[in-house]
Amino acid sequence: MPPRPRFDRRAPVRELPNINDRINYPQLRVVDSDGAQLGVISREEALSVAKDRELDLVLVSEKADPPVCRIMDYGKYKFEQEKKAKEAKKKSHQTEVKEVKMRYKIDLHDYDVRIGQAQRFLKAGDKVKCTVIFRGREIQHTALAETLLRRMAKDLEEKAEIQQAPKREGRNMIMFLTPRKTPLVKKDDKKDAVVTKAVRTIPAPPRPTAAKVAGK
């Protein structure tokens, strides 16, 4: 019986950045933190300059001759690079179409599950295809299916807007929702925004009649 393969329990080797004492080139072309050229100097001199400024010596171009280093705050530089990478990842998100399937006579629990799924898809920036599946004679109840889809659109209106209204497609009825780009303005909010006119709350005094005026 062949021996069992042994698992390597050692931690994976992390690639460390080429900064400070990890830079082994004897001669370096050094750029100061403000962009000024310090010229070609020895490794020891470059490390001394970085230490005096309480900054790091970072290798930025290993293939140059001699290699180019820059004096900077490496912690701050790393934070900014990670922030830029996250922003680029968000912008590069490609919109996908995720599907939520159900029957027109779905129970409340399963309906809430479908709503939760749709909310997650919309939050991720994806479109949602809501599909009601008909089986056998259920195709006769398209009106109930449309009512269900309209209800779903209403329950998701704060996060989504209808891209395609409920429509029968073969033995299914489908509706497409897309993430809402502008905040939803509800009717109550519209009422608050309207400036109401002043309304008289105390009745005006009665005008004198012609008889009273003649009696004077």
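Which residue in β8 does Lys-129 stand opposite? In this predicted model, the residue that Lys-129 stands opposite in β8 is Phe-176, and that pair offers a convenient way into the part of the fold built around strand β8.

Strand β8 is joined to β6 by 6 bridges, with the two strands running antiparallel, and it is joined to β7 by 7 bridges, again in an antiparallel arrangement. On the β7 side, the bridge partner of Gln-164 is Phe-176, the residue that Lys-129 stands opposite. Strands β7 and β8 form a hairpin with 2 residues between them, and Gly-170, which lies in the turn, has a positive phi of about 65°. Because 7 of the 8 residues of β8 are buried, this strand is largely enclosed by the rest of the structure.

Gln-164 itself belongs to strand β7, which covers residues 160-169. Apart from its neighbours within four places in sequence, Gln-164 is in contact with Ile-174, Met-175 and Phe-176. Although Gln-164 and Lys-129 are 35 residues apart in sequence, their C-alpha atoms are 9.3 Å apart in space. Gln-164 counts as partly exposed because its relative accessibility is 29%, a value that falls between the 20% limit for buried residues and the 50% limit for exposed ones.

The same strand β8 also takes part in the largest nonpolar core, to which β5 (97-102), α3 (108-123), β6 (127-133), α4 (142-155) and β8 (172-179) each supply at least two residues. This core has 24 residues, and those with the most contacts inside it are Val-128, Val-132 and Leu-177. In soluble globular proteins, nonpolar side chains tend to be buried together. Leu-177 touches residues from several places along the chain, among them Leu-122, Val-128, Cys-130, Ala-153, Leu-156 and Ile-162, when residues up to four places away in sequence are not counted. A second, separate core of 12 residues includes Val-30, Ile-41, Leu-57 and Leu-59.

Val-30 leads to another sheet, since its bridge partner in β4 is Cys-69. Strand β1 (residues 27-31) and strand β4 (residues 68-72) run parallel and are joined by 3 bridges. They belong to an open sheet of 4 strands, in the order β2-β1-β4-β3, whose pairing is mixed. The edge strands of this sheet are β2 (37-42) and β3 (56-61), each of which pairs on one side only, and the twist averages 35° from one strand to the next. Helix α1 (residues 43-52) packs on the sheet, where it touches β1, β2, β3 and β4, and its direction makes about 130° with that of β2.

In the segment before β1 the chain contains Pro-17, which is partly exposed, with a relative accessible area of 27%. Leaving aside neighbours within four places in sequence, Pro-17 is in contact with Arg-22 and Tyr-74. Pro-17 and Leu-59 are 42 residues apart in sequence, yet they are 8.3 Å apart in space from C-alpha to C-alpha.

Helix α2 (residues 74-91) has 18 residues and reaches 26 Å from its first C-alpha to its last, which is close to the 26 Å expected at 1.5 Å a residue. The N-terminal end of α2 is capped by Asp-73, with a side-chain oxygen that lies 3.2 Å from the backbone nitrogen of Gly-75.

Methods
Residues numbered from 1 in each chain as written. Predicted model: local features only at pLDDT ≥ 70, side-chain atom pairs only at ≥ 80, totals over all residues. Heavy atoms only, no water. Core = buried A, V, L, I, M, F, W, Y, C linked by side-chain atoms within 4.5 Å. Buried < 20%, exposed > 50% of the residue type's maximum accessible area, 1.4 Å probe, protein only. Contact = heavy atoms within 4.5 Å. Pairing = 2+ DSSP bridges. Axes fitted to C-alpha atoms, helices over the stretch in contact; angles between N-to-C directions. Expected span 1.5 Å × (residues − 1). Polar contact = N/O pair within 3.5 Å; in protein donor to acceptor, adjacent residues only side chain to side chain.
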